[in-house]
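User: I'm new to this one and would like a close look at a single part: the interior and whatever packs around it. Please walk me through it in plain words.

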Amino acid sequence: MPSCAAPGSARRTTSGSRSASSPSNSALRAAAGKASALLDGAAAAVWMVGGRPRVVYRFTTRGEQITAIDLIGDAARLSALDLVILGD
């Protein structure tokens with residue numbers, strides 16, 4: 001399947017399910033720096049280091065399902081985003 005990810009972002013397609021308690025779940029390993037956010041007014045997540053966003057997780061949804069997650073880590077793209085970090 002061709003990727004539709006924007007330059008400066010990554011898209012990974014997965015299938016099946018994995019337990020959220022799985023130690024191999026990279027999102028859980030990085031959770032210490034996580035924050036909820038709004039990106040262009042839509043729900044997003046941010047990985048923060050030293051109080052600064054390093055990676056933004058942009059969710060694409062269909063109905064109530066997340067169909068894709070784009071990771072945006074390019075410094076120039078991060079600084080141009082309409083991003084609001086929410087207090088957790």
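**Inside the fold**

Analyst: Of the 88 residues in the protein, 19% are buried. Here "buried" means under 20% relative accessible area, "exposed" means over 50%, and "partly exposed" is what falls in between, using a 1.4 Å probe and protein chains only. Keep in mind that this is a predicted model, where local features need a pLDDT of at least 70, side-chain atom pairs count only at pLDDT 80 or more, and totals for chains, interfaces and linings use all residues. Residues are numbered from 1 along each chain as its sequence is written, and side-chain values use heavy atoms, leaving out hydrogens and water.

How sure is the predictor? pLDDT is its confidence in each residue, from 0 to 100. The mean pLDDT of the protein is 77, with 64% of residues at 70 or more. Residues 18-24 are a weak spot: pLDDT stays under 50 there, and the model has nine contacts for them beyond four places in sequence. A contact, by the way, means heavy atoms within 4.5 Å.

Now for the layout. The protein has two helices and six strands, and along the sequence they run β-α-β-β-β-β-α-β. These are DSSP runs numbered from the N terminus: helices are H or I with at least four residues, strands are E with at least two. Of the contacts with a separation of 6 or more, 40% are between residues 24 or more positions apart.

On to the part you asked about. The largest nonpolar core has ten residues: Ala 35, Ala 37, Leu 39, Ala 44, Val 46, Met 48, Val 56, Ile 72, Leu 78 and Leu 81. Strand 2 (34-39) and strand 3 (42-49) are the elements that give two or more residues to it. To count as a nonpolar core, buried Ala, Val, Leu, Ile, Met, Phe, Trp, Tyr and Cys residues must be joined through side-chain atoms within 4.5 Å. In soluble globular proteins, nonpolar side chains tend to be buried together.

Leu 39 is a good place to stand and look around. Setting aside neighbours within four places in sequence, Leu 39 touches Ala 44, Val 56, Arg 58, Ile 72, Leu 81, Asp 82 and Leu 83.

Arg 58 from that list leads to the next stop. Its side chain meets that of Asp 40 in a salt bridge, at 3.8 Å from N to O. Arg 58 lies in strand 4 (residues 52-62) and Asp 40 in the loop between strand 2 and strand 3, so the pair ties together parts that are 18 residues apart in sequence. The term needs a side-chain nitrogen of Lys or Arg within 4 Å of a carboxyl oxygen of Asp or Glu, and a search of the whole structure finds one such bridge. Arg 58 is partly exposed, at 25% relative accessibility. Asp 40 has a quirk too: its phi is positive, about 55°, although it is not a glycine.

Strand 3 has Ala 45 in it. With 22% relative accessibility, Ala 45 counts as partly exposed. Beyond four places in sequence, Ala 45 is in contact with Ala 35, Val 55, Val 56, Tyr 57 and Phe 59. Its C-alpha is 7.1 Å from that of Arg 58, 13 residues away along the chain.

Pro 53 sits in strand 4 and is partly exposed at 30% relative accessibility. Outside its neighbours within four places in sequence, Pro 53 contacts Val 46, Trp 47, Met 48, Leu 78, Leu 83 and Ile 85. Pro 53 and Ile 85 are 32 residues apart along the chain, with 8.9 Å between their C-alpha atoms. Ser 79, in helix 2 (residues 75-80), is exposed, with a relative accessible area of 63%. The C-alpha atoms of Ser 79 and Pro 53 are 9.2 Å apart, across 26 residues of chain.

Last, a glance at the outside. Leu 38 lies in strand 2 and is partly exposed, with a relative accessible area of 32%. Leu 38, Val 84 and Leu 86 form a nonpolar surface patch with about 210 Å² of accessible area together. Patches take residues with over 30% relative accessible area and no salt bridge, joining like charges within 9 Å and nonpolar side chains (Val, Leu, Ile, Met, Phe, Trp, Tyr) within 5 Å. Overall the protein exposes about 6300 Å², with 54% of it from carbon and sulfur atoms; accessible areas come from the Shrake-Rupley method with a 1.4 Å probe, and for residues only the protein chains shown count as cover.

Methods
pLDDT = per-residue confidence, 0-100.
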